[in-house]
Amino acid sequence: MRKIVLVIFLLAVSFSLKAVDNLSSKRKAIFHKEKVLDENQSLDFEYSFIEGIKFKMLGDYKMAIKWFNRCLSIDKTSSAVRYELAGIYILNSDYNSAMYLLRDAIKYNPHNIWYKLQLADIYRKKSMIKQACDLYNDLYKSNKDR
């Protein structure tokens with residue numbers, strides 16, 4: 001059983017590494033929307049992000065948070081890092097922290113449907129029904145084709 005988990009983990013990491021290696025300039029713009037990073041910062045950011053994902057997948061949320069916070073120290077405008085951190089806080093039922101992170105993620109990347117869906121779900125869980133309905137209505141208006 002342990003070998004199967006290890007193989008799955010290694011495959012996931014290798015696919016993540018390949019995906020990050022093949023990031024198009026558009027995808028990098030999502031990671032680094034406002035701030036232009038030099039090559040060393042970009043490599044450090046991507047390495048830290050992958051480490052954060054790895055530890056999140058392993059269930060070591062304390063280490064994942066450490067790596068994601070390192071990403072934010074490199075690029076304070078990264079919406080993807082905020083989304084990943086919010087996911088960890090949601091797993092720990094810390095909806096307030098997740099809510100603030102997702103609001104910031106949406107501020108930096110206002111067209112990402114997944115960030116808005118996650119925030120609307122938090123609003124629902126916190127019984128913030130008006131905010132959830134407003135966000136779902138906004139999603140509907142901006143994504144009628146979906």
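Modeller: pLDDT is the predictor's confidence in each residue, from 0 to 100. This is a predicted model, where local features need pLDDT of at least 70, side-chain atom pairs need 80 or more, and totals for chains, interfaces and linings use all residues. Residues are numbered from 1 along each chain as its sequence is written, and side-chain values use heavy atoms, with hydrogens and water left out.

Colleague: In which helix is confidence lowest in the chain?

Modeller: Over the chain, the mean pLDDT is 83, and 76% of the residues reach 70 or more. Residues 17-33 stay under 50, and the model has 22 contacts (heavy atoms within 4.5 Å) for them beyond four places in sequence. Confidence peaks at a mean of 97 in H4 (residues 61-74), and the lowest mean, 46, belongs to residues 25-31, which are helix H2.

Colleague: How many helices are there in the chain?

Modeller: Read along the sequence, you get α-α-α-α-α-α-α-α. Helices here are DSSP runs (H or I, at least four residues) and strands are E runs of at least two, numbered from the N terminus. The chain has zero strands, and its helices number eight.

Colleague: Are H5 and H6 roughly parallel or roughly antiparallel to each other?

Modeller: The axes of H5 (residues 79-91) and H6 (residues 95-108) come within 8 Å and cross at roughly 160°. Angles under 35 degrees count as roughly parallel and over 145 as roughly antiparallel, with 65 to 115 roughly perpendicular and the rest oblique. H5 and H6 are therefore roughly antiparallel.

Colleague: Which residues of H5 make the contact with H6?

Modeller: Start on the H6 side: Tyr 95, Ser 97, Ala 98, Leu 101, Leu 102, Asp 104, Ala 105 and Tyr 108 take part. Their partners on H5 are Ser 79, Arg 82, Tyr 83, Leu 85, Ala 86, Tyr 89 and Ile 90.

Colleague: Is Ser 42 buried or exposed?

Modeller: Ser 42 sits in H3 (residues 39-58), and its C-alpha atom is 8.4 Å from that of Ile 74, 32 residues apart along the chain. Buried means under 20% relative accessible area, exposed means over 50%, and partly exposed lies in between (1.4 Å probe, protein chains only). With a relative accessible area of 15%, Ser 42 is buried.

Colleague: What is the relative accessible area of Ser 127?

Modeller: Ser 127 is in the loop between H7 (113-125) and H8 (129-142). Its phi is positive, about 60°, although it is not a glycine. Ser 93, in the loop between H5 and H6, also has a positive phi, near 60°. Ser 93 is partly exposed at 49%, while Ser 127 is exposed at 58%.

Notes: Axes fitted to C-alpha atoms, helices over the stretch in contact; angles between N-to-C directions.
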